[in-house]
Amino acid sequence: MKKVFTILLYLTGPVFCLAQDNNKNFGFRLPSAKVGFEGGINFSLPAHDDLMRTHTLGLGLSARAMMDLNEHWEIGLRAEYDHRFAKRDYPDSVLKFTNKHRDYTIMSLKPGVQFNFRPRYFAGLEAGMAYVKLEGDSKTGFGFVEEFDGSTPIGFMMEVYAGKKFNYVPGRMNLAMSVYWQFFFAETHGESVVGLRAAYLFNR
């Protein structure tokens, strides 16, 4: 029994030591030097002919949590919401349905990886799932596009981006500007946009 107690103490001792701070408080703490968050806004335009004929500017919000793996690499998870405005004048021939075309929103959740070339420059790749909702219609999604089957609210989302960090507070790089290309894919067809993102970096 004494040997068992000694072994347990040996195994759990380091855990208690890591969980205890200088004030003798116990609890789980995130490695603050490695975990960070960012929140920002997006501006985008369609980059594919189907959307270019029917829609225009997109505005959105972006939030990302990330964790450093080493000096250059980090992993993250981005949640995003974009609203795209429909054009008021467009050829009727581009519409698959008789109903008037509307604005739409697209919500996505994308895990990804980012490489920091230098302290200020970075590039990344993200891939996940997205949900599209046509204004006033919960079923069609991207189904108004001719290549889709008429009911395409869910699809695969991929993004490639690159940018630069800036100093807002002296000694800290807590602003980031990036350009991105975003691709929605479903039923062997894709729609894409290009955009500009401005973000504030927390805990960086």
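**Notes on the salt bridges and the barrel**

1. Let's start with a pair of charged residues away from the surface: arginine 64 and glutamate 74 are both buried. Bear in mind as you read on that this is a predicted model. The two side chains form a salt bridge, with 3.1 Å between the closest N and O atoms. Arginine 64 belongs to strand E2 (residues 55-68) and glutamate 74 to strand E3 (residues 73-86), so this contact ties together parts that sit 10 residues apart in sequence.

2. Next up is another strand-to-strand pair. Glutamate 126 and lysine 110 meet through their side chains in a salt bridge, at 4.0 Å from N to O. Here glutamate 126 comes from strand E5 (residues 121-134) and lysine 110 from strand E4 (residues 104-116), so the pair ties together parts 16 residues apart in sequence. Buried or exposed, what is glutamate 126? With a relative accessibility of 1%, glutamate 126 counts as buried. Lysine 110 is buried too, at a relative accessible area of 0%.

3. Now put those pairs in context. Salt bridges with shared partners link Glu38, Arg64, Glu74, Arg78, Glu80, Lys110, Glu126, Glu159 and Arg197 into one network. So arginine 64, glutamate 74, glutamate 126 and lysine 110 are among the members of that network. Over the whole structure, the search turns up 11 salt bridges.

4. There's a helical example to look at as well. Arginine 53 makes a salt bridge with aspartate 50, and their closest N and O atoms are 2.9 Å apart. Why are these two about one helical turn apart? Because they are 3 residues apart in helix H2 (residues 49-54). On accessibility, arginine 53 comes out at 37%, which counts as partly exposed, while aspartate 50 comes out at 11% and counts as buried.

5. As for the fold, how many strands make up the closed barrel? There are 8, running E1-E2-E3-E4-E5-E6-E7-E8 with antiparallel pairing. From one strand to the next, the twist averages 25 degrees.

6. Back to E4 and E5, the strands that hold lysine 110 and glutamate 126. These two strands run antiparallel and are joined by 11 bridges. If you want a spot to find on screen, tyrosine 104 stands opposite leucine 134 in E5. As background, strands of a sheet pair through backbone hydrogen bonds, in either a parallel or an antiparallel way.

Terms used:
Residues numbered from 1 in each chain as written. Predicted model: local features only at pLDDT ≥ 70, side-chain atom pairs only at ≥ 80, totals over all residues. Heavy atoms only, no water. Helix = DSSP H or I, 4+ residues; strand = E, 2+ residues; numbered from the N terminus. Buried < 20%, exposed > 50% of the residue type's maximum accessible area, 1.4 Å probe, protein only. Pairing = 2+ DSSP bridges. Axes fitted to C-alpha atoms, helices over the stretch in contact; angles between N-to-C directions.
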